[in-house]
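Trainee: I should like to learn how descriptive terms are justified from computed values. May we work through one example together?

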Amino acid sequence: MIDFDIPKPIAEMRYLIETVAENMMRPVSRHFDEHEHEIPWDYINFMHTVLSAQRGAATNMAPDEEGEKKEEKEKRPPIGYQRLATIIEMLSWGDAGIYLCTPGGMLGSAAVSAAGTDEQKKKFLTRFQGEKPVFDGMAMTEPQAGSDTSAIRATALLDKETNEWVLNGEKIFVTAGHKALLDSDGFVVVWASIDPSAGRAGMRSFVVEAGTPGCTVTKMEHKLGIRASDTVSIVFQDCRLPFENILGSPEVKQRTTKGFKGAMATFDATRPLVAAQAVGLARATLELLKEELEKQGVTIRYGLPSQKLTSIERDVIDMEIMLRSAWLLILKAVWMADNRIHNPQEASMSKVRAGDIVVKITQKAVEILGPLGYTRELLLEKWFRDAKISDLYEGTGQINLLIVARNILGYRGSELR
């Protein structure tokens with residue numbers, strides 16, 4: 001059963017994350033919005049130090065403490081994704097774009113964790129524990145293939161003489177691709193087909209490491225929002241990968257989409273985390289709106305019938321309802337992920353709801369404050385621009401609505417489009 005009380009380990013780290021968000025992110029938020037592609041190294045290096053210290057504390061326990069800690073861990077319910085969702089919500093409250101520059105593993109790492117072997121996890125994930133910050137990303141979208149992954153044309157064909165995969169294709173809109181491939185010793189997980197004639201049954205994920213010949217970052221996008229985060233295009237031209245860099249089985253069975261479903265399982269874990277980003281941004285907006293209204297003598301009178309409230313009061317209360325409902329959906333989805341319960345419906349529901357409410361809340365806040373909300377005097381207009389991406393990446397709102405409908409009605413993808 002879900003416990004809505006904040007677990008003690010999460011409560012203990014909230015103060016640190018809140019301090020980082022308030023003192024390291026908010027003060028430079030406008031600067032990195034106006035200086036796109038400039039990397040927030042002060043934040044990155046600090047977070048790398050903090051995260052490395054936490055990992056060190058977990059792995060360098062005294063012998064007499066190890067048994068006690070292990071026993072305590074075994075008794076405590078798993079909270080890994082719940083912890084991540086809380087951290088992401090709080091960092092996104094600070095700045096959604098700068099949060100996306102956090103080192104230590106993001107979507108690419110989630111793919112390795114979800115589909116990789118123990119050897120692959122050791123090889124690719126331990127690099128985040130080094131002295132320098134390391135980044136990762138996932139490359140799925142192509143110029144002709146967005147939500148329709150069946151249209152992916154990138155191929156990874158096995159050269160039997162060298163036992164290497166030869167990757168060819170182009171990927172666009174890769175979050176943190178520049179930092180993963182050029183600014184650190186990171187990697188990008190790339191979706192490609194090992195047998196184009198097999199359709200989705202031939203789809204697999206591959207780990208492409210920084211410095212791999214044939215992998216070229218060709219473009220950095222100029223974006224509406226989250227400008228502190230780099231978004232790039234990558235071309236793979238006869239890019240050779242070791243055989244063991246494939247995630248999942250190299251065998252293709254024509255009547256199964258297990259490889260594709262295995263890769264998609266990554267999103268069941270990460271979509272609630274994207275939703276947490278949206279909720280953090282929405283919370284920041286709502287808090288600032290209420291502060292500005294109070295300065296103008298407007299306070300929200302809770303507990304009164306709707307007909308006795310002003311239109312502004314009703315709007316603010318509706319926004320609070322949206323925010324809380326989205327967070328509750330996230331908590332359920334990440335709790336299920338922590339407990340290894342199949343959660344595609346809940347993951348997509350949290351993503352749909354959070355992506356929808358963050359756009360509505362930021363837009364309504366700008367409307368209520370009028371010219372003050374529209375100018376750059378406040379961060380509201382920036383947050384309004386940052387908000388829309390939460391509804392777009394890792395599956396648009398429309399695609400996630402389809403996933404929810406298919407799960408509720410029991411339809412396959414071919415039966416409900």
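Mentor: The following exchange sets values beside the definitions that give them their names. This is a predicted model, in which local features need pLDDT of at least 70, side-chain atom pairs count only at pLDDT 80 or more, and totals for chains, interfaces and linings use all residues. Residues are numbered from 1 along each chain as its sequence is written, and side-chain values use heavy atoms, with hydrogens and water left out.

Trainee: How do you know that the span of helix H1 agrees with the expected one?

Mentor: Helices are DSSP runs of H or I with at least four residues, strands are runs of E with at least two, and both are numbered from the N terminus. The expected span of a helix is 1.5 Å times one less than its number of residues. For the 18 residues of H1 (residues 8-25) this gives 26 Å, and the end C-alpha atoms are 25 Å apart, so the two agree.

Trainee: Where does H1 bend, and by how much?

Mentor: H1 bends by about 35° at Arg-14. The bend is the angle between axes fitted to the seven residues ending at a residue and the seven starting there.

Trainee: Why is H1 called roughly parallel to helix H5?

Mentor: H1 and H5 (residues 80-94) pack at an angle of about 20°, with their axes 8 Å apart. That angle makes H1 roughly parallel to H5, because angles under 35 degrees count as roughly parallel, over 145 as roughly antiparallel, 65 to 115 as roughly perpendicular and the rest as oblique. The axes are lines fitted to C-alpha atoms over the stretch in contact, and angles run from 0 to 180 degrees between N-to-C directions.

Trainee: What makes Glu-221 a buried residue?

Mentor: Buried means under 20% relative accessible area, exposed over 50%, and partly exposed in between (1.4 Å probe, protein chains only). Glu-221 has 13%, and is therefore buried. Glu-221 is placed in the loop between strand S6 (215-220) and strand S7 (231-242). Beyond its neighbours within four places in sequence, Glu-221 is in contact (heavy atoms within 4.5 Å) with Glu-36, His-37, Phe-173, Thr-231 and Ser-233.

Trainee: Does Arg-340 count as buried or exposed, and why?

Mentor: Arg-340 has 80% relative accessibility, and so counts as exposed. Arg-340 lies in the loop between helix H11 (311-338) and helix H12 (344-369). Although Arg-340 is not a glycine, its phi is positive, at about 55°.
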